[in-house]
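Visitor: I would like to go through this structure with you, beginning with the overall picture and then moving to details. Could you guide me?

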Amino acid sequence: MKKIKQPSVAGTFYTNDPAELKNQIDMFALNSKNTYEAKTRAVIVPHAGLVYSGQLAYEGISQLDKNIKNLFIFAPAHRVGFLGLALSSFDIWQTPFGEIEINQEINQELINKFNAQYNDEAIQPEHALEIQVPIIQKTFQDVKIIPILIGQETPEIVEKIITEYYPNPDYGFIISSDLSHFHRNEDAVKIDNITAQMIENGLTNRFSHEQACGATGIIGLVNFANKNHFSLIRINMTNSSKTTGDKSSVVGYGCWFLYEGSKNEFIKKYYSKFIINLCKLSIKSKFETKEIELKFPQVFNEPGASFVTLEKNNILRGCIGSIIAHRTLIEDIAINAQNAAFNDPRFNPVQKEEIEQLHIDVSILSEPTPIEFDGEEDLLNKIKPFEDGIIIKDGNYQAVYLPTVWEQLPDKKEFLNSLKRKAGLSPDYFSKTFEAYRFHSTLIEQ
């Protein structure tokens, strides 16, 4: 006879009325504005009551590939302390929407391979697992779940489980976690923005449970992404003050999905036309009184660095950009487009009648990383032609070349010498304080 677990937090974290619950989730679907065309098999979603973070949790879970047959749910233990990973011995979990099956075969594998244990005492009162289930039931037609409650455990175990099952497209992964807890709104926003940048840039060395209660699961997923050269794309962020109106003590919520590639590759694949149009609108706005009004996905609210290059009749007409991300990508592209058109000191400002004749290229830059070298020859040996963008710096002298410059200067020595001249240095210049950085560029062409 199958063991059935009755809902534990229905009536508190979400309504126990099936019709009311259906209407609530239907409204999440109707109001959903932040999902992307790309589908994924791993997400980070919040786990507060549905009235607070259900919209964001829905947008994350609905991003998952609907062909998934088994969904792991990793959540932190809030109510019962224990070591390791806790599993549910029940065959069925019940919610107001009916039954959903637990994959006990996978549970047995987790016990045998990862030393997980059945611990219904810890799982029974836990909201962070159960709160995801009604949304899963409404989103998937035929799926089994593997709820995993994380006690005192390292992120490596989460990473290992994801690594074990990710090669099979039948498996998906939900990391259940809220962000900062009980700070004033202005402080919470700052903390959560730092947390977001750490997640999006793959930085987990100093990631703490003060930033996210589900830090163990988040770090595990981020480390998995780093090792596979995947990225985490922001769906949205908010906090409890949006619902309560109380900004004195808030809980932060964030949502991300896993993309099998870099963030810049994702942007190029799905938003190239949007970016070129953004540049045109930004340039045209200098001749108009109305402000630009564009709807754009949250990935453009992440910090980003870009270069905008304008050509007319195959001749350079302007090029301005940012080396380091110091504002949102949407702002950086729009501002650099205007600066390339009107503030490049090498050219006269673009005239209104020229705009439609312009060919626009946008390069989105990765974070620069230092090149360690011992002398100029060693530096030249470490530079990768047609792949690396290069920044050189020595005191107040600095210059940058995008990877596209290799097309004009394919020889490494000539490339570096030209870059020195651009910085105001002689081609034979070198010193002990000479610095070099590499970056990669994703080119978006009109």
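Guide: The conversation below goes from the whole chain to its cores, strands and individual residues. Please keep in mind that this is a predicted model.

Visitor: How many helices and strands does the chain have?

Guide: The secondary structure comprises 14 helices and 20 strands. Along the principal axes, the C-alpha atoms occupy a box of roughly 80 × 55 × 40 Å.

Visitor: What percentage of the residues count as buried?

Guide: The chain has 446 residues, and 54% of them count as buried. About 20900 Å² is exposed, with carbon and sulfur atoms supplying 48% of that area.

Visitor: And what share of the contacts comes from residues 24 or more positions apart?

Guide: Among contacts with a separation of 6 or more, such residues account for 76%.

Visitor: How many positive and negative side chains are there?

Guide: There are 45 positive and 57 negative side chains. The centres of these two sets lie 4 Å apart.

Visitor: Let us turn to the interior. Which residues have the most contacts inside the largest nonpolar core?

Guide: They are Ile136, Phe266, Phe300 and Val362, in a core of 74 residues. Helix α11, residues 263-284, contributes the largest share of this core, namely 9 residues. Another core lies apart from it and has 40 residues, including Phe72, Ala116, Tyr171 and Trp256. As general background, nonpolar side chains in soluble globular proteins tend to be buried together.

Visitor: What is Ile136 in contact with, leaving aside its neighbours within four places in sequence?

Guide: With those neighbours left out, the contacts of Ile136 are Ile61, Leu71, Ile73, Ile100, Val143, Ile145 and Ile174.

Visitor: Now helix α7. Which of its residues are buried?

Guide: Helix α7 spans residues 155-165, and its buried residues are Pro155, Ile157, Val158, Glu159, Ile161, Ile162 and Tyr165.

Visitor: What covers them?

Guide: The cover over the buried residues of α7 includes the strands β3 (70-76), β4 (85-87), β8 (144-150) and β9 (171-176). Helices α3 (104-114) and α9 (215-227) are also part of that cover.

Visitor: Changing topic to strands: how many residues of β17 are buried?

Guide: Strand β17 covers residues 389-394, and 5 of its 6 residues are buried.

Visitor: In which sense does β17 pair with β19, parallel or antiparallel?

Guide: The pairing of β17 with β19 (residues 435-439) is antiparallel and runs over 5 bridges. Within this pair, Lys393 stands opposite Glu435 of β19.

Visitor: And what about β18?

Guide: Strand β18, residues 397-401, also pairs with β17 in the antiparallel sense over 5 bridges. Ile390 has Tyr401 in β18 as its bridge partner. The two strands, β17 and β18, form a hairpin with 2 residues between them. In that turn, Gly395 has a positive phi of about 65°.

Visitor: Which residues other than glycine have a positive phi?

Guide: Two examples are Asn115, with phi near 60°, and Asn314, with phi near 65°. For context, most residues other than glycine have a negative phi. Asn115 sits in the loop between α3 and β7 (117-118), while Asn314 sits in the loop between β13 (305-312) and β14 (315-321).

Visitor: Why do these two count as exposed?

Guide: The cut-off for exposed is over 50% relative accessible area. Asn115 counts as exposed because its relative accessibility is 58%, and Asn314 counts as exposed because its value is 72%.

Visitor: Then where does Asn339 lie?

Guide: Asn339 lies in helix α12, residues 329-342. At 21% relative accessibility, Asn339 counts as partly exposed. Leaving aside neighbours within four places in sequence, Asn339 is in contact with Ile320 and Asp344. Asn339 and Ile283 are 56 residues apart in sequence, and their C-alpha atoms are 8.7 Å apart in space.

Visitor: One last topic: what is the order of the open sheet of 3 strands?

Guide: The order is β1-β5-β6, and the pairing is mixed. β1 (4-5) and β6 (98-101) stand at the edges with a single partner strand each, so one side of each has no neighbour in the sheet. The pairing of β1 with β5 (residues 92-95) is parallel, over 2 bridges, and Ile4 has Ile92 in β5 as its bridge partner.

Note on methods
Residues are numbered from 1 along each chain as its sequence is written. This is a predicted model: local features need pLDDT of at least 70, side-chain atom pairs count only at pLDDT 80 or more; totals for chains, interfaces and linings use all residues. Side-chain values use heavy atoms; hydrogens and water are left out. A nonpolar core is a set of buried Ala, Val, Leu, Ile, Met, Phe, Trp, Tyr and Cys residues joined through side-chain atoms within 4.5 Å. Buried means under 20% relative accessible area, exposed over 50%, partly exposed in between (1.4 Å probe, protein chains only). Helices (H or I, at least four residues) and strands (E, at least two) are DSSP runs, numbered from the N terminus. Contact means heavy atoms within 4.5 Å. Accessible areas come from the Shrake-Rupley method with a 1.4 Å probe; for residues, only the protein chains shown count as cover. Lys and Arg count as positive and Asp and Glu as negative; His and the chain ends are not counted. The place of a charge is taken as NZ of Lys, CZ of Arg, CG of Asp or CD of Glu. Two strands pair if DSSP finds at least two bridges between them.
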